[in-house]
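The following exercises ask the reader to examine one structure step by step. Each task is followed by a worked solution.

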Amino acid sequence: MIAIRQKLLSWYDEAARDLPWRQTRDPYAIWVSEVMLQQTRVETVIPYYERFLASFPTPRDLAEADEDTVLSHWSGLGYYRRARLLHAGVREVVAKYDGEVPEDAEARRALPGVGRYTAGAIGSIAFGKEEPIVDGNVTRVLARLFRIGTQVGSSVTSKRVWEEAARLVPGARPGAFNQALMELGATVCTPKQPSCESCPLADYCEACAHGEVDELPVPRAKKAPSQVKLAAVVATQGRGSEQRVWLLRSEQSLFAGLWGLPMISRNAFDSSDARSALRDAGISASLTRESIGQLDHVLTHRRMQIDVFRATGAKAETSETRRLFLIDELGSIGVSTLTKKLLAAALSQRSGASGSRP
Ligand code: SF4
């Protein structure tokens with residue numbers, strides 16, 4: 001174990017990529033970066049991370065911001081639940097710990113949205129604690145290094161990988177060590193065609209010794225993405241620079257907390273679907289008869305085919321979850337990439353046009 005640690009740390013000191021969150025040991029900044037990096041590529045995260053910390057440099061700044069402002073800084077990163085949980089977690093840090101992220105592991109893990117991985121990342125990187133972390137990259141490296149032949153995602157694999165990570169982390173610079181494991185997985189021990197010839201752990205790697213690198217880790221069974229057909233309505237009021245659109249604050253977990261268009265599953269496959277979406281939203285408007293186009297949107301486990309309808313002269317009562325927004329102000333509120341795509345598609349069409357494809 002000691003030899004593996006030393007080899008990996010020496011390699012990391014030479015090969016580590018210069019990433020903005022590696023310039024700090026501020027637990028709040030590490031927390032933000034780790035939440036953003038879940039399910040999202042490093043290159044995508046960098047500008048979001050920099051913008052987010054420029055707007056909310058301390059836990060107190062984030063805690064005091066309203067949810068729309070926070071979500072607008074997340075717009076485009078996806079998985080918006082992460083942002084809401086981060087916001088809730090940071091608010092708790094301000095309320096309970098005077099704005100200081102707790103050093104105590106139990107207290108950290110009790111914060112909203114902070115699981116074992118995030119708590120370990122903050123603990124080891126910011127506070128120098130010997131706490132393990134396991135993500136997809138670490139799982140792959142350890143499954144190969146220790147020739148773990150059980151399926152990724154199973155409880156037996158998860159238990160074993162966390163145990164191996166916990167055995168490896170004690171010693172000098174636990175934060176750097178954890179980052180080194182992740183870095184090795186991201187840049188050398190990659191899912192396809194890993195660079196074993198230049199790997200610092202090649203001498204200790206059991207998968208490599210047994211010629212099983214391509215077989216490990218054993219992937220989880222893939223679920224085919226579900227297909228959903230939807231109707232969305234872009235219901236506006238006014239024209240030109242005064243044009244406004246009705247948006248609803250979504251209750252669905254997928255886009256929870258974000259503002260989106262009235263949308264409904266397609267049943268009848270004519271404009272009655274769109275009428276139902278407007279009725280459910282409490283909006284009265286003059287609707288185009290046919291869809292003005294169709295748009296495909298793919299999420300990790302869902303393939304959405306959305307028919308876009310246009311409605312003008314739209315009226316409704318404003319409420320907590322239903323508001324009229326100036327088109328020009330949409331950049332400053334939390335809307336999903338899907339909503340932006342639908343609006344761009346619909347508003348580039350002339351109102352009342354039919355049969356075209358945005
Ligand atoms: S030797 Fe190859 S398979 Fe083993 S840890 Fe290194 S890159 Fe991964």
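**Exercise 1. Describe the largest pocket: its volume, its lining and the elements that supply the lining.**

Step 1. The largest pocket holds about 1,600 Å³ of space. On a 1 Å grid over the protein atoms alone, a pocket is an open set of points with protein on both sides within 12 Å along at least five of seven lines, whereas a cavity is a set of points where a 1.4 Å probe fits but cannot get out; lining residues have an atom within 4 Å of a point. Grid points are joined across faces, edges and corners, and a volume is the space filled by probe spheres set on the points.

Step 2. The lining comprises 43 residues, and D135, G136, N137, R140 and P191 are the closest to the centre of the pocket. This is a predicted model, in which local features need pLDDT of at least 70 and side-chain atom pairs count only at pLDDT 80 or more, while totals for chains, interfaces and linings use all residues. Residues are numbered from 1 along each chain as its sequence is written, and side-chain values use heavy atoms, with hydrogens and water left out.

Step 3. At least two lining residues come from each of helix 2 (27-37), helix 3 (42-55), helix 9, helix 10 (155-168) and helix 11 (174-187). Helices (H or I, at least four residues) and strands (E, at least two) are DSSP runs, numbered from the N terminus.

Step 4. The lining divides into 17 nonpolar, 14 polar and 12 charged residues. Here Ala, Val, Leu, Ile, Met, Phe, Trp, Tyr, Cys and Pro count as nonpolar, Asp, Glu, Lys and Arg as charged, and the others, Gly among them, as polar.

**Exercise 2. Describe the second largest pocket in the same order.**

Step 1. The second largest pocket has a volume of about 860 Å³.

Step 2. It is lined by 28 residues, of which Q39, G78, Y79, Y80 and T300 are the closest to its centre.

Step 3. Two or more lining residues come from each of helix 6 (81-97), helix 8 (116-127), strand 6 (293-299) and helix 14 (337-347). Helix 6 gives the most, with four residues.

Step 4. The lining of the second largest pocket divides into 12 nonpolar, 13 polar and three charged residues.

**Exercise 3. Locate the ligand and state which residues surround it.**

Step 1. The structure holds one cavity of 30 Å³ or more. The largest cavity has a volume of about 130 Å³.

Step 2. Of the 15 residues that line the largest cavity, R144, C189, C196, C199 and C205 lie nearest its centre. Helix 9 (residues 136-145) contributes the most to this lining, with three residues. The lining divides into 13 nonpolar residues, one polar and one charged.

Step 3. The ligand sits in the largest cavity, in the sense that more than half of its atoms lie within 2 Å of the grid points of the cavity.

Step 4. Around the ligand are R144, C189, C196, C199, A202, C205 and V213; a residue is near a molecule if one of its heavy atoms lies within 4 Å of it. This shell has six nonpolar residues, no polar residue and one charged residue.

**Exercise 4. Determine how helix 5 is covered and what lies at its ends.**

Step 1. Helix 5 (residues 67-74) is mostly covered, with six of its eight residues buried. Buried means under 20% relative accessible area, exposed over 50%, and partly exposed in between (1.4 Å probe, protein chains only).

Step 2. The buried residues are D68, V70, L71, S72, H73 and W74.

Step 3. At the N-terminal end, D66 caps helix 5, with a side-chain oxygen 3.2 Å from the backbone nitrogen of D68. Helix 5 is followed by G76, whose phi is positive, near 105°.

**Exercise 5. Which backbone features are found at Q39, R147 and P217?**

Step 1. Q39 lies in the loop between helix 2 and helix 3. Although Q39 is not a glycine, its phi is positive, about 65°. Q39 counts as exposed, at 64% relative accessibility.

Step 2. R147, in the loop between helix 9 and helix 10, has a positive phi of about 50° and is not a glycine. R147 is partly exposed, with a relative accessible area of 33%.

Step 3. P217 is placed in the loop between helix 12 (206-209) and strand 1 (226-237). The peptide bond from L216 to P217 is cis, with omega near -5°.

How values were computed
Polar contact = N/O pair within 3.5 Å; in protein donor to acceptor, adjacent residues only side chain to side chain.
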